[in-house]
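Q: I'd love a close look at a single part of the structure below. Please pick out which residues there are covered and which are open, say what covers them, and then place that part in the rest of the chain.

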Amino acid sequence: RFEPAAASMRLLGAEAMLRIGEFEAQELSNTAWALATLGVRAPQLFEAIARESEQDIREFKPQELANTVWAFATLSVPAHQLFEAIARESEQRIGSFRPQNLANTAWAF
């Protein structure tokens, strides 16, 4: 597993924080997923991702919903309102979830 340099991760996180308002659903989801996969705890960035995701939740595709909730759960990041928003959106679109989306979402909750 690749262990990123701390300075590089700080730089990426700082840039993401500055531009988080520009992120679409996929970028929000991918950023959360990448951080969780690397085990990077970035509380302020996760707060910003949660806030932006809640506002744009209807734009998220099933995989983005699943990956986002998986990332927050993997790092045990508290985001009650985000989890509620993802649960509501998932319930409305459960028929369009692929098996992997179902599995990741179920695991996260």
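A: Happy to. In this predicted model, the buried residues of α6 are N101, N104, T105 and A108. Looking down the helix axis, the buried residues of α6 fall within an arc of 95°, so they line one face of the helix. On the other side of α6 sit P99, A106 and W107, which are exposed. What lies over the buried residues of α6? The cover includes α4 (62-74) and α5.

N101 makes a good residue to zoom in on. Its place is in α6, which covers residues 99-108. N101 counts as buried because its relative accessibility is 8%, and the cut-off for buried is under 20%. Which residues does N101 touch, leaving aside those up to four places away in sequence? They are P62, Q63 and A66. These partners of N101 can be read alongside the range of α4, residues 62-74, which is part of the cover over the buried residues of α6.

From there you can step back along the chain to the loop between α3 (43-56) and α4, where K61 is found. K61 is exposed, because its relative accessibility of 55% is over the 50% cut-off. The C-alpha atom of K61 is separated by 11 Å from that of E24, although their positions lie 37 residues apart along the chain.

The other helix named in the cover of α6, α5, has a charged pair of its own. E89 and R93 form a salt bridge, with 3.0 Å between the closest N and O atoms. They are four residues apart in α5 (residues 80-93), which means about one helical turn separates them. Are these two partners buried or exposed? E89 is buried, with a relative accessible area of 7%, whereas R93 counts as partly exposed at 21% relative accessibility. The value for R93 falls in the class between the cut-offs of 20% and 50%.

How many salt bridges does the chain have by this rule? The count comes to three. As a general point, side chains of opposite charge can pair when their charged atoms come close. Besides the pair in α5, look at R19, whose side chain meets that of E15 in a salt bridge at 3.6 Å, N to O. R19 also meets E22 in a salt bridge, at 3.5 Å, N to O. E15 and R19 are four residues apart in helix α1 (residues 6-19), so they too are separated by about one helical turn. Through the partner they share, salt bridges join E15, R19 and E22 into one network. Within this network E15 is partly exposed, with a relative accessible area of 38%, and R19 is partly exposed as well, at 40%. E22 counts as exposed, at 53% relative accessibility. A word on confidence fits here: α1 has the lowest in the chain, with a mean of 85, while α4 has the highest, at 98.

Now for the setting of α6 as a whole. The chain's secondary structure comes to six helices and zero strands, and from the N terminus on its elements run α-α-α-α-α-α. How compact is the chain for its length? Its radius of gyration is 13 Å, close to the 13 Å that the globule rule gives for 109 residues, so the chain is as compact as a globular protein of that length. The C-alpha trace spans about 40 × 30 × 20 Å along its principal axes.

Of the 109 residues in the chain, 42% are buried, including N101, N104, T105 and A108 in α6. Contacts across the sequence are a good companion to that number: among those between residues at least 6 apart, 72% join residues at least 24 apart. On the outside, the chain exposes about 6800 Å², and carbon and sulfur atoms supply 53% of that area. As for how far to trust the prediction, the mean pLDDT of the chain is 93, and 94% of the residues score at least 70.

Conventions
Residues numbered from 1 in each chain as written. Predicted model: local features only at pLDDT ≥ 70, side-chain atom pairs only at ≥ 80, totals over all residues. Heavy atoms only, no water. Helix = DSSP H or I, 4+ residues; strand = E, 2+ residues; numbered from the N terminus. Buried < 20%, exposed > 50% of the residue type's maximum accessible area, 1.4 Å probe, protein only. Contact = heavy atoms within 4.5 Å. Salt bridge = Lys/Arg side-chain N within 4 Å of Asp/Glu carboxyl O. Arc of directions from axis to C-beta. Rg over C-alpha atoms; globule rule 2.2 N^0.38 Å. Areas by Shrake-Rupley, 256 points an atom, 1.4 Å probe, with all protein chains shown as cover. pLDDT = per-residue confidence, 0-100.
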